[in-house]
Every structure is written in C-alpha cells, then in structure tokens.
Amino acid sequence: MELKTFENLVRNRPQGTPAENGEKEKPVKAPTKVETKNLDFFYGPLQALFNISMSMPERSVTALIGPSGCGKSTYLRTLNRMNDIVEGTTLTGEVLVDSESIYDPRVDVVELRKKVGMVFQKSNPFPKSIFDNIAFGPRIGGMRNKSQLEEIVVRSLQQAALWDEVKDRLNSSALALSGGQQQRLCIARTLATSPEVILMDEPASALDPASTSRIEDLIFELKKDYTIIIVTHNMQQAARVSDFTAFFFQGRLIEFGATESLFTTPKEKQTEDYITGRFG
C-alpha cells in the first residue's frame, strides 16, 4: 500500500492556507514554547510513557496521533498537570513551558492551568447561562468589574467563532446549544482566562462533519495567537490543521516532525505502517 499523498490528506483544509493556495507549506519557525525531556510516566507500577523528548514551537499546531491506548492523552495531560488529580501517578523527567519547569514545587498549579488551558473530548458546559460559562474563570480569578467581564465574554466568543450565533441569548442556558456550539463555548471559556497554550483532547471526535469543519477552521485561526497541541485519531484532521505531528505507539514517541514530511516521507517503518493503515 502506498503512502497517501499530502495533497489528498489536506483536501478541505481551512481556506487561505498555503496548501489550499497551491503553495508548499513549511513548518513554522518559532521559539520553543512547550518541551519535554526524558519524560517517563507511571500509573502505579504501570509505565505509560517512556523517555519522551519533544519540543513544540509557539504559535503552531502540534498533532499527537497513534492507536488507542498509546499514551497520547496521558502525555497531553502532563503538560498542565491534569494527571496530578489521579492517585498513585508518578512522573520523572522534565516538562518545560517557556523554559521553566511546571513541576517545580513553587509552581502555582491554578496559575499554570490558566496559562495552559485544556479543551476535553466531550463538551462540558456548566449548567449556567452562556455568559456565566465564559465569565466563570475570570470571576474565580477575582474579577468583579461588570464592564471588563462583558468585554472578556464578547472577545472570547468572537475568538471562538460563536458570537454571531449567541449574541442575542447570552442569558440562556448553555445546555441548550448544539453539540458543536457547546464545544466552541468550551473553547471560548478556555480563552477567557487568557492562556498561552491550548491543549485539545480529540475536540471534534463526537461532532458531525459540519461542526468538525468549524472546529478545524477555528484551530487554524487560533494558532495565530496561541500554541495548540491536539490529540486526534483522525489522520486527515492532523494533516489539515497541524504544522507538526508526533506519532506515539505503546507509550513511546516513534517519530516527530513537520506534518508534511511525516505523512509523505516518514523516517520510521512503524510510522509508515500506521499511516498506510497496516495497523491502528
């Protein structure tokens, strides 16, 4: 079986990208924003990640791909210490954001998670109004100024490409939104705390094709201002939205590189086998 051409993989890429305009897309050249060095992770005695070293540039999209159970989501959750809430876990090695260790005992985890926000696989709006969902994070942070809260809500909804759809019903329940709208609401809620990095764990896996396309368009827009790391089982999605791709298998990082290169000329046989559908 031959490798899929990159052009086929990226069909329906968000409009205005170099790939759609017939240009050869090059990986983003930017300073490293998130980095892991010799990262090992354990659930009790079970080792889930093995010696993961990877550097992800700022204002780019990095996709994490691989079969189910390969460690993608576990790795993602190490990047803002979400695994801390799982009893019996152990981590060795380093996780750096802006060259600073996020596992340093002096790090304020609440502040870290404002800087490194997360969007989960299943949308999880609070049983509150649309406005109160977006304002929740800033209010927890101590903001009480009504006009400032309103500005944050409007800006976050605009960034999440949801403002035009909900501007006349901000006091309505967020639970009344469609699945795709709820996921964009959750993205807006993350943006409201002014993060620098956004982690996404299969954000479109439960959505219909039209809603998935809107999320992908949104990711492409957001990378102009944010560093995005996304877990996806969909290789076409990885090819469409990402600048860099990391292939995981059985808790190990098999290959990491520019997305176009990894999909067209992978260096590792395991990567080629996965991309061509020989396993997965």
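Contact means heavy atoms within 4.5 Å. The model is predicted: local features need pLDDT of at least 70, side-chain atom pairs count only at pLDDT 80 or more, and totals for chains, interfaces and linings use all residues. Residues are numbered from 1 along each chain as its sequence is written, and side-chain values use heavy atoms, with hydrogens and water left out.

**Exercise 1. Describe how helix α5 packs against helix α7.**

Step 1. Locate the helices. Helix α5 spans residues 146–159, and helix α7 spans residues 179–191. Helices (H or I, at least four residues) and strands (E, at least two) are DSSP runs, numbered from the N terminus.

Step 2. Take the geometry. The two axes come within 8 Å and cross at roughly 130°. Therefore α5 is oblique to α7. Axes are lines fitted to C-alpha atoms, for helices over the stretch in contact, and angles run from 0 to 180 degrees between N-to-C directions. Angles under 35 degrees count as roughly parallel, over 145 as roughly antiparallel, 65 to 115 as roughly perpendicular and the rest as oblique.

Step 3. List the residues. From α5 come Ser156, Leu157 and Gln159; they meet Leu185, Ala188 and Leu191 of α7.

Step 4. Sort by class. The contact of α5 with α7 has 4 nonpolar, 2 polar and no charged residues. Ala, Val, Leu, Ile, Met, Phe, Trp, Tyr, Cys and Pro count as nonpolar, Asp, Glu, Lys and Arg as charged, and the others, Gly among them, as polar.

**Exercise 2. Lay out the open sheet of 6 strands and the helices on it.**

Step 1. Write the order. It is β6-β7-β8-β3-β9-β10, with mixed pairing. Two strands pair if DSSP finds at least two bridges between them.

Step 2. Mark the edges. β6 (116–119) and β10 (252–258) each pair on one side only. From one strand to the next, the twist averages 15°.

Step 3. Zoom in on one pair. Strands β3 (residues 61–65) and β8 (residues 227–231) run parallel, joined by 4 bridges. Val61 has Ile228 of β8 as its bridge partner.

Step 4. Add the helices. α7 packs on the sheet and touches β6 and β7 (197–201). The direction of α7 makes about 170° with that of β6. Helix α8 (residues 209–222) lies across β3, β7 and β8, at about 150° to β8.

**Exercise 3. Is Gln237 buried or exposed, and what does Gln237 contact?**

Step 1. Place the residue. Gln237 lies in helix α9 (residues 235–241).

Step 2. Apply the cut-offs. Buried means under 20% relative accessible area, exposed over 50%, partly exposed in between (1.4 Å probe, protein chains only). Gln237 has 6% relative accessibility, so Gln237 counts as buried.

Step 3. Find the partners. Leave aside neighbours within four places in sequence; Gln237 is then in contact with Ala204, Thr212, Glu216, Ile230 and Thr232.

Step 4. Set Ser99 beside it. Ser99 sits in the loop between β4 (89–97) and β5 (100–101). At 64% relative accessible area, Ser99 is exposed. Ser99 and Lys33 are 66 residues apart in sequence, yet 7.5 Å apart C-alpha to C-alpha.

**Exercise 4. Analyse the hairpin of β1 and β2.**

Step 1. Pair the strands. β1 (residues 32–43) and β2 (residues 46–57) are antiparallel, over 8 bridges. Phe41 has Leu49 as its bridge partner in β2.

Step 2. Inspect the turn. There are 2 residues between the strands, and Gly44 in the turn has a positive phi of about 60°.
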